[in-house]
Amino acid sequence: MKDIFCRIIEGEIPSNKVYEDDDVIAILDISQLTKGHTLVIPKEHYDNMLSCPKELLHKVIDVAQRIGQACVSVLGAKGVNILTNVNEIAGQSVPHFHVHVIPRYVAGEGGFQLTMKPQDISDLNLPMLAEEIKKEIK
Ligand code: AMP
């Protein structure tokens, strides 16, 4: 079965389009975490960012940057969070690669809060961990 973004891209389901070119569309997220919350989506289906070819990924990021700039200049956002979730464990609910552009207006606003709380790393060997990841980067 086609995912909801494929159906939006094919025009089966309406959306509030912010941007479109041959490879990428951007639409307002139906649940606005903050005013102007936008999703940047490649038209070709890839499950998530990790499986998206680099050239297309760069196009998606380019559009996300430009939408972030527009949110600052037109909506008066004081900043933006630009993020993507990969797989359910990380909060991905639609299995079609997309990047969230979430304008930020005031600290601690209700709609969206991103807190990063470091875990206890006393049993981690950081130099070994860095080596482990480094040798797998392709
Ligand atoms: P994620 O949880 O990272 O996969 O994000 C999926 C996002 O898609 C959520 O923020 C939803 O609100 C949004 N979404 C789901 N259905 C639609 C739709 N029909 N139009 C616009 N946004 C949608």
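**Exercise 1. Determine which element gives the largest share of the shell around the ligand, and describe that shell.**

Solution.
Step 1. In this predicted model, α1 provides three residues of the shell around the ligand, which is the largest share.
Step 2. Two elements, α1 (residues 4-9) and β2 (residues 24-28), each contribute at least two residues to this shell.
Step 3. The ligand is surrounded by 16 residues, and D29, S31, N85, S93 and H100 are the closest. A residue belongs to this group if one of its heavy atoms lies within 4 Å of the ligand.
Step 4. Sorted by character, the shell holds eight nonpolar residues, seven polar residues and one charged residue.

**Exercise 2. Identify the protein atoms that lie 3.0 Å from an oxygen atom of the ligand at G91, V94 and H98.**

Solution.
Step 1. The cut-off for a polar contact is a pair of N or O atoms within 3.5 Å.
Step 2. At G91, a backbone N or O atom is placed 3.0 Å from a ligand oxygen atom.
Step 3. At V94, a polar backbone atom is likewise 3.0 Å from an oxygen atom of the ligand.
Step 4. At H98, the partner is an N or O atom of the side chain, and its distance from an oxygen atom of the ligand is 3.0 Å.
Step 5. The ligand taken alone exposes 510 Å², and the protein buries 84% of this area.

**Exercise 3. State where the ligand sits, and describe the lining of that site.**

Solution.
Step 1. The ligand occupies the largest pocket.
Step 2. The space in the largest pocket amounts to about 430 Å³.
Step 3. Its lining consists of 22 residues; F5, D29, I30, S31 and L39 are those nearest the centre of the pocket.
Step 4. Two or more lining residues come from each of α1 and β2. The largest share, three residues, belongs to α1.
Step 5. By character, the lining of the largest pocket comprises eleven nonpolar residues, ten polar residues and one charged residue.

**Exercise 4. Describe the chain as a whole: how many helices and strands does it have, and in what pattern do they follow?**

Solution.
Step 1. The chain contains three helices and five strands.
Step 2. Along the sequence, these elements appear in the pattern α-β-β-β-α-β-β-α.
Step 3. Along the principal axes, the C-alpha atoms of the chain fill a box of roughly 50 × 35 × 25 Å.

How values were computed: Residues numbered from 1 in each chain as written. Predicted model: local features only at pLDDT ≥ 70, side-chain atom pairs only at ≥ 80, totals over all residues. Heavy atoms only, no water. Polar contact = N/O pair within 3.5 Å; in protein donor to acceptor, adjacent residues only side chain to side chain. Areas by Shrake-Rupley, 256 points an atom, 1.4 Å probe, with all protein chains shown as cover. 1 Å grid on protein atoms, 1.4 Å probe; cavity = no way out; pocket = protein on both sides within 12 Å on 5 of 7 lines; lining within 4 Å. Sits in = over half its atoms within 2 Å of the grid points. Helix = DSSP H or I, 4+ residues; strand = E, 2+ residues; numbered from the N terminus. Nonpolar A, V, L, I, M, F, W, Y, C, P; charged D, E, K, R; others polar. Points joined across faces, edges and corners; volume = space filled by probe spheres on them.
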